[in-house]
Amino acid sequence: MEEKATHEKLKIEIEQGNFERAVILALELDLKPDEITDIKLKALWQMAANNRNRVGTKKLADDFEISKEKLKVFLEKKADEQRREGNERLLMPRYEHQSGKYLDFEEWMEKFFKFWSKV
């Protein structure tokens, strides 16, 4: 039995960092488009920066109808914002199994957008 979406459930999902689920709840609650877009962008940032998941990031962008160009601008701005605020943990090099190298977030983004059509 599915539970009905509520603002409290939405708040909990956002607090717990479950942004993909929060998007679904926000849509069910018929929130304003800019509020939904904000949650979608949080989900995309999480998938890209936290998870470094190319396939997941592209799938979310496609599902959310966010273009490659808009996503690129958003990720670049968000990375700059994080750097200015001293939150560089997510931007540090991480091992990427596809290349066999440690890539910082900008290098990861470069590869991601370069091979966008193949993801």
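This report describes salt bridges in a predicted model.

Side chains of opposite charge can pair when their charged atoms come close. The count in this model comes to 9 salt bridges. Three of the pairs are listed here, each with its N to O distance.

| Pair | N to O distance | Helix |
|---|---|---|
| E15 and K11 | 3.9 Å | α1 (residues 7-15) |
| K58 and D62 | 3.4 Å | α4 (residues 54-63) |
| K78 and E81 | 3.5 Å | α5 (residues 68-84) |

In helix α1, E15 and K11 are 4 residues apart, about one turn of the helix. E15 has a relative accessible area of 58% and is therefore exposed, since that value is over 50%. K11, at 44% relative accessibility, is partly exposed.

In helix α4, K58 and D62 are also separated by about one helical turn, being 4 residues apart. K58 is buried because its relative accessible area of 15% is under 20%. Its partner D62 is partly exposed, with a relative accessible area of 44%. This salt bridge thus joins a buried lysine to a partly exposed aspartate.

In helix α5, K78 and E81 lie 3 residues apart, again about one turn of the helix. K78 counts as partly exposed at 21% relative accessibility, and E81 is partly exposed with a relative accessible area of 28%. Elsewhere, D80, R83 and E106 are joined into one network by salt bridges that share partners.

Note on methods
Residues numbered from 1 in each chain as written. Predicted model: local features only at pLDDT ≥ 70, side-chain atom pairs only at ≥ 80, totals over all residues. Heavy atoms only, no water. Salt bridge = Lys/Arg side-chain N within 4 Å of Asp/Glu carboxyl O. Helix = DSSP H or I, 4+ residues; strand = E, 2+ residues; numbered from the N terminus. Buried < 20%, exposed > 50% of the residue type's maximum accessible area, 1.4 Å probe, protein only.
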